[in-house]
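Here is a brisk report on aromatic contacts, a ligand site and a few single residues. Keep the structure open while reading.

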Amino acid sequence: MDANIIIKLKNVNFYYGENRALTDITMNYRKNKVTALIGPSGCGKSTLLRLLNRMNDLIDGTRVEGEILYEDKNIYSPDLDPVEIRRKIGMVFQKPNPFPKTIYNNIAYGPKLNRVGSANLDELVEQSLKQAVLWDEVKDILNQSAMNLSGGQQQRLCIARALAMKPDILLMDEPTSALDPISTAKIEELVEELKKVYTIIIVTHNMQQAARISDETAFFYLGNLIEYNKTEKIFTKPDVKQTEDYITGRFG
Amino acid sequence: MEERKHTSSHYEKELQEIKNDLIYLGALTEKAIQLAMDSLTQRNSDFARKVMAEDDEIDKRDAQLEEKCIRILALRQPTAIDLRFITTAIKITGHLERIGDMAVNIAEKAIELNQLPRLKPYVDLPRMASLVNEMIRNSLDAFINENLELTQKVHEHEQVVDDLNEQIFRELLTFMLDDSKTIQRAIFIMQISKNLERIADHSKGIADMVIYMITGKSVRHQELSIS
Ligand SMILES: Nc1ncnc2c1ncn2[C@@H]1O[C@H](COP(=O)(O)OP(=O)(O)OP(=O)(O)O)[C@@H](O)[C@H]1O
Ligand SMILES: [Mg+2]
């Protein structure tokens, strides 16, 4: 596999029971890049994201066809542990979902359970919070409940929690849709920092956000990958008319 | 090309308004050129003064159009074809404003010439003027209808106008060499010819922006290679 490619999808179909949610998806994700997934509601963005770290396994009656290679290994091969995959490929959700625990334990919980970086938990907590640009705001209240943080802080805490697992890839499903512009700007700034170390795949309904923070953009419609191109190209002169109609608001 | 409308009808209306405004501004500049040329050929300086007076209107409309475009950029954050449309519109209105200024230059020279005896019948200048007016119209039609063929026509006409300008220059040179009393008038006529040639350049500038809008490729400052 090309050294710049971290995930490779080959002819992937995905079904919820009888319903096919993704059709013949073939695409590569590049290492240390931000890839944005865009498309109208129900086109399969979240489904695809969950497919990449086997979160769909948790849903009954789902079925995958085709290959999803992560560093040359098929992540759906039976000898791979889904828990290990979810550690390497972390996920941040639309609504911040901190555990009802202290800020410290929100971060420390996963690593403790999985014995990641167990040498020094304090250090890991500090490092993760710093990476998520939250440290300065919470360093004196680490033992307070995470539920008291603002929405924007909670979302950065969830990012810190994912980072504490030392993942390679961060999947983000509309991570700023519940946040105000300042918190959104902070997360976007963070994404630009994080891509130096991580590969980020982000679902967003905010076209300007996709344009601002991603290197590549994939447009989906009804479970099909319509266009996958450099972000700059997509937002100035996309190759496919359907893409242009969508991003300029001429859809539906 | 199949045209889809915006989900937001207000946005759709704003974009349509920009088109209408540009067509109107284009018509004003064409009229200014025509009037300036009539002033010359009919030796009527009132026409020329009218061109000078009406240039304020062109300037005002250019400023308003630019403001509208900037507003859309700020509030609608256009992308893709809409982004290319708006940036093109901003450039076009700038070109039209400059064309208006050149019509004024022509009008000023017409007034000077009208006070002097006629040097020669004007044949090539009116031809040039009608060519540049056609170029303006074609370049704007190309913009409105996203028509690449028309941009090519503009490019072809630009060459013809260039040649005419050079021919006029050479012809006037012989006048001046023969008789130094013709120099002043010949220079005024040359300046008019030069202004028409520059209007043709601006029309080509518009056409080049239209090519960018349609294809996403910049053709400015390079030879066009559409065969
Ligand atoms: N748990 C599920 N069980 C059955 N069908 C599902 C499930 N989750 C999603 N789907 C279906 O799969 C399709 C894709 O849904 P998905 O949530 O991936 O879309 P999406 O692009 O993320 O949409 P949105 O932008 O609204 O979040 C939809 O038709 C949806 O109804
Ligand atoms: Mg979704």
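## Aromatic pairs

A:Y29 is buried, because its relative accessible area is 0% and buried means under 20%. The model is predicted. A search of the whole structure, over all chains, finds 5 aromatic pairs. One of them joins A:Y29 and A:Y228. Their ring centres are 6.5 Å apart, and the planes meet at 55°. The pair counts as tilted, because an angle from 30 to 60 degrees is neither stacked nor edge-to-face.

Where do A:Y29 and A:Y228 lie in chain A? A:Y29 belongs to strand β2 (residues 19-30). A:Y228 belongs to strand β10 (residues 224-230). The two parts are 199 residues apart in sequence, so the pair ties together distant stretches of sequence. A:Y228 is partly exposed, with a relative accessible area of 25%.

Chain B supplies another pair, B:F85 with B:F143. This pair is stacked: 5.1 Å separates the centres, and 15° separates the planes. B:F85 sits in helix α3 (residues 80-114) of chain B. B:F143 sits in helix α4 (residues 124-145) of chain B. The pair links distant parts of the chain, 58 residues apart. Are these rings buried or exposed? B:F85 is buried at 7% relative accessibility. B:F143 is buried too, with a relative accessible area of 1%.

## Arginines over rings

Two arginines of chain A lie over aromatic faces. A:R63 lies over the face of A:Y15, at 4.2 Å from the ring centre. A:R161 lies over the face of A:F99, at 4.1 Å from the ring centre.

## The shell of ligand 1

Which residues come nearest to ligand 1? They are A:S41, A:K45, A:S46, A:T47 and A:H205, out of 13 residues around the ligand. By class, the shell has 4 nonpolar, 6 polar and 3 charged residues. Helix α1 (residues 45-52) of chain A gives the largest share of the shell, 4 residues.

Polar contacts involve both side-chain and backbone atoms. A polar side-chain atom of A:Y16 is 3.3 Å from a nitrogen atom of ligand 1. A polar backbone atom of A:G42 lies 2.8 Å from an oxygen atom of the ligand. For a polar backbone atom of A:G44, the distance to a ligand oxygen atom is 3.0 Å. How much of ligand 1 does the protein cover? The ligand has 630 Å² of accessible area on its own, and the protein covers 60% of that.

## Three residues in context

A:R87 is in helix α2 (residues 82-88) of chain A. A:R87 is buried, at a relative accessible area of 15%. Its side chain reaches the backbone oxygen of A:M165 at 2.6 Å.

A:P78 is in the loop between β5 (73-74) and α2 of chain A. A:P78 is exposed, at 83% relative accessibility. From A:P78 to A:A211 there are 133 residues in sequence and 38 Å in space, C-alpha to C-alpha. B:R127 is in helix α4 of chain B. B:R127 is partly exposed, with a relative accessible area of 46%. B:R127 and B:Q159 are 32 residues apart in sequence. Their C-alpha atoms are 14 Å apart in space.

## Positive phi values

What is the phi of A:D72? The value is positive, about 75°, although A:D72 is not a glycine. A:D72 lies in the loop between β4 (62-70) and β5 of chain A. A:D72 is partly exposed, with a relative accessible area of 48%.

B:A80 also has a positive phi, near 45°, and is a residue other than glycine. B:A80 is in helix α3 of chain B. At 0% relative accessibility, B:A80 is buried.

Conventions:
Residues numbered from 1 in each chain as written. Chains lettered and ligands numbered in written order. Predicted model: local features only at pLDDT ≥ 70, side-chain atom pairs only at ≥ 80, totals over all residues. Heavy atoms only, no water. Phe/Tyr/Trp six-rings, centres within 6.5 Å; stacked < 30°, edge-to-face > 60°. Buried < 20%, exposed > 50% of the residue type's maximum accessible area, 1.4 Å probe, protein only. Lys NZ or Arg CZ within 6 Å of the ring centre and 35° of its normal. Near = heavy atom within 4 Å. Polar contact = N/O pair within 3.5 Å; in protein donor to acceptor, adjacent residues only side chain to side chain. Areas by Shrake-Rupley, 256 points an atom, 1.4 Å probe, with all protein chains shown as cover. Nonpolar A, V, L, I, M, F, W, Y, C, P; charged D, E, K, R; others polar.
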